[in-house]
Amino acid sequence: VQLAESGGGLVQPGGSLSLSCVASGPIFRINAMGWYRQAPGKQRELVAKITSGGSTNYADSVKDRSIISRDNAKKTVWLQMNSLKPEDTAVYYCNVEFVGALSYRTLETWGQGTLVTVSS
């Protein structure tokens, strides 16, 4: 199973960005999909997560300016972030929990990450 992330780049403070992540491979069912980030010198942290039923969970630092959404048929998750701040600068990683089509086991996989830099 592979994850293809897109949408990172350089954004000015106060700007917006949209990240997308598409899962492919032998997937029976996708459970949770989410975005994490890791800033230089810091631990990886949850940004937002969405369950198969559409329930969402956000980090306090982004919850008032972010929206996570998904399309189960397209195996895609998006993260829309607004009012970006320099402290949002980080590598953003997509994370997917799924049931494998070959093993029927619950597994987890990560994307390679996409760099988001918020700077003027």
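Two strands are said to pair if DSSP finds at least two bridges between them. In the predicted model described here, strand 7 and strand 8 (residues 76–81) meet this condition, being joined by six bridges and running antiparallel. Within this pairing, Asp71 stands opposite Thr76 in strand 8, and Ile67 stands opposite Gln80 in strand 8. Strand 8 also pairs with strand 3 (residues 17–24), again in the antiparallel sense and over six bridges. In that second pairing, Leu17 is the residue that stands opposite Met81 of strand 8.

These pairings belong to an open sheet of four strands, arranged in the order 1-3-8-7 with antiparallel pairing. The edges of the sheet are formed by strand 1 (2–6) and strand 7 (66–71), each of which pairs on one side only. From one strand to the next, the twist averages 15°. In general, the strands of a sheet pair through backbone hydrogen bonds, in either a parallel or an antiparallel manner. It is also a general feature of a regular strand that the side chains alternate between the two faces of the sheet.

The connection between strand 7 and strand 8 is a hairpin with four residues between the strands, and Lys75 takes a positive phi near 55° in this hairpin. A positive value of this kind is noted for Lys75 as a residue other than glycine. Lys75 is placed in the loop between strand 7 and strand 8. Its relative accessible area is 28%, so Lys75 is classed as partly exposed.

The edge strand 7 also contains Ser66. Ser66 has a relative accessibility of 6%; because buried means under 20%, the residue counts as buried. The side chain of Ser66 reaches the backbone oxygen of Val62 at a distance of 3.1 Å. When residues up to four places away in sequence are not counted, Ser66 touches Tyr58, Leu79, Gln80 and Met81. Two of these residues were named above in the strand pairings: Gln80 stands opposite Ile67, and Met81 stands opposite Leu17.

Attention then turns to the aromatic residues. The structure holds two aromatic pairs. One of them consists of Phe28 and Tyr104, whose rings lie 5.1 Å apart centre to centre with 65° between the planes, an edge-to-face arrangement. Phe28 lies in strand 4 (residues 27–38), while Tyr104 lies in the loop between strand 9 (90–100) and strand 10 (106–110); the pair therefore ties together parts that are 76 residues apart in sequence. Phe28 is partly exposed, with a relative accessible area of 49%. Tyr104, at 54% relative accessibility, counts as exposed, because the exposed class begins over 50%.

The second pair is formed by Tyr36 and Trp110, with ring centres 5.0 Å apart and planes at 65°; this pair is therefore edge-to-face as well. Planes over 60 degrees apart are counted in this class. The pair links distant parts of the chain, since Tyr36 is in strand 4 and Trp110 in strand 10, 74 residues apart. Tyr36 is buried, at 16% relative accessibility, whereas Trp110 is partly exposed, at 34%.

Tyr104 has a further feature in its backbone. Its phi is near 60°, a positive value in a residue other than glycine. As with Lys75, the residue is found in a loop, here the one between strand 9 and strand 10.

Trp110 takes part in another arrangement, with Arg44. The charged end of Arg44 sits over the ring of Trp110, 4.6 Å from its centre. The charged end of Arg44 also sits over the ring of Tyr93, at 3.7 Å from the centre of that ring.

A final set of contacts concerns Leu115, which lies in strand 11 (residues 114–118). Leu115 is partly exposed, with a relative accessibility of 49%. Apart from neighbours within four places in sequence, Leu115 is in contact with Gly8, Gly9, Ala90 and Val91. Leu115 and Leu84 are separated by 31 residues in sequence and by 14 Å in space, taken from C-alpha to C-alpha.

How values were computed:
Residues are numbered from 1 along each chain as its sequence is written. This is a predicted model: local features need pLDDT of at least 70, side-chain atom pairs count only at pLDDT 80 or more; totals for chains, interfaces and linings use all residues. Side-chain values use heavy atoms; hydrogens and water are left out. Rings of Phe, Tyr and Trp (its six-membered ring) pair if their centres lie within 6.5 Å; planes under 30 degrees apart count as stacked, over 60 as edge-to-face and the rest as tilted. Helices (H or I, at least four residues) and strands (E, at least two) are DSSP runs, numbered from the N terminus. Buried means under 20% relative accessible area, exposed over 50%, partly exposed in between (1.4 Å probe, protein chains only). A charge sits over a ring if NZ of Lys or CZ of Arg is within 6 Å of the ring centre and within 35 degrees of the ring normal. Axes are lines fitted to C-alpha atoms, for helices over the stretch in contact, and angles run from 0 to 180 degrees between N-to-C directions. A polar contact is a pair of N or O atoms within 3.5 Å; within protein, one must be able to donate a hydrogen and the other to accept it, and residues adjacent in sequence count only if both atoms are side-chain atoms. Contact means heavy atoms within 4.5 Å.
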